[in-house]
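Student: Can we go through this one together? Please show me the sequence and the structure.

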Amino acid sequence: MIIFAVAAIGYVVYKLPPYLTLDPANSRIPPEHALHFAFLSGHVISGSVALLTAVLQFLPWLRRKYPAVHRISGRLYIFVGALPAAVLALAMYPVTPGPGRVAVLFAASLWSIAAIFGWMAARQRRYAAHRRWMVYSFAIMWGYGVWVFVIANLLVEIGVDIPTAVESARWGGWTGNLLIAHWWLERTAGRTIVGVARRSPKAKVAPGAESPALAVGSAPANTGG
Ligand code: HEM
């Protein structure tokens, strides 16, 4: 978890500042039209909110001691982070250059759909489903939002031509992450969950089942960890 936190903070510190200046001249991607820089800045700012709030969701001690923080940062993740960032990524689609750009449509849509399904599941107190959808949402976000840059640069470094590297990164980052997330969810399906309910100190979630302990009170959501 520390690794994710450090990587998320490092990524945001490195990528965000040019987009806070409101000056298109500072954009790393040359704007194609008047609104492009506004879309891009909004996307990077809301993407940063999503990345940072997601880190908080995976801290078991935070869920246990401060369930309200988990709920508030979860809502920030969805409504200030993932949804606006995905909508703005879709708005940039007409001017997104290069091979593999169709991946933007799939990744942005599935990222936000998974977040909304996760939120709805939490509202309905279906916490095992909530955990599953939110992990998928986080996996897509990391896969497209972060690994896409890392993978593309690595491939170019080892001699892969740029179009192939970009297309591989745009598809491979988030689809690969989804597979890893699914494997991890299956592997931890029977794990004892910490901090899932105020009145139930520990709950066991059977594979594929909802947690009965969570049907009681306004419990913080279970997002794994
Ligand atoms: C499924 C999730 C995401 C999708 C589909 C997506 C899509 C896009 C698109 C289409 C662009 C325009 C640049 C291009 O032509 O490729 C872009 C740029 C950018 N995105 Fe995302 N994004 C996602 C998540 C995130 C997240 C979570 C962050 C976190 C901060 C982020 C940070 C950025 C940054 C910093 C840029 C500008 C690139 C640069 O300055 O080097 N994105 N993204």
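**Ligand shell, core and one helix**

Tutor: α2 gives the most to the shell around the ligand, with six residues. Helices here are DSSP runs of H or I, at least four residues, numbered from the N terminus. This is a predicted model: local features need pLDDT of at least 70, side-chain atom pairs count only at pLDDT 80 or more, and totals for chains, interfaces and linings use all residues. Residues are numbered from 1 along each chain as its sequence is written.

Student: Which residues come nearest to the ligand?

Tutor: A residue is near the ligand if its C-beta atom, placed from the backbone, lies within 6 Å of it. There are 23 residues around the ligand. Those that come nearest are Arg28, Gly47, Ala89, Tyr144 and Gly145.

Student: How many residues of the shell around the ligand are nonpolar?

Tutor: Ala, Val, Leu, Ile, Met, Phe, Trp, Tyr, Cys and Pro count as nonpolar; Asp, Glu, Lys and Arg as charged; the others, Gly among them, as polar. In this shell five are polar and two are charged. The nonpolar ones number 16.

Student: Why does the span of helix α5 agree with its number of residues?

Tutor: Helix α5 runs over residues 102-123, which is 22 residues. The expected span is 1.5 Å times one less than the number of residues. For α5 that should be 32 Å, and this agrees because its end C-alpha atoms are apart by 32 Å.

Student: Which helices do the buried residues of α5 pack against?

Tutor: Buried means 20 or more other C-beta atoms within 10 Å of a residue's own; exposed means 12 or fewer; partly exposed is in between; C-beta atoms are placed from the backbone. Among the buried residues of α5 are Trp111, Gly118 and Trp119. The buried residues pack against α4 (67-91), α6 (127-145) and α8 (162-187).

Student: Which helix supplies the largest share of the largest nonpolar core?

Tutor: A nonpolar core is a set of buried Ala, Val, Leu, Ile, Met, Phe, Trp, Tyr and Cys residues joined through C-beta atoms within 7 Å. The largest has 43 residues, and Ala82, Trp111, Ile140 and Met141 have the most contacts inside it. Twelve residues, the largest share of this core, come from α6.

Student: Is glutamate 167 buried or partly exposed?

Tutor: Glutamate 167 lies in helix α8. It has 18 other C-beta atoms within 10 Å, so glutamate 167 is partly exposed.

Terms used: Helices (H or I, at least four residues) and strands (E, at least two) are DSSP runs, numbered from the N terminus. Two residues are in contact if their C-beta atoms, placed from the backbone, lie within 7 Å.
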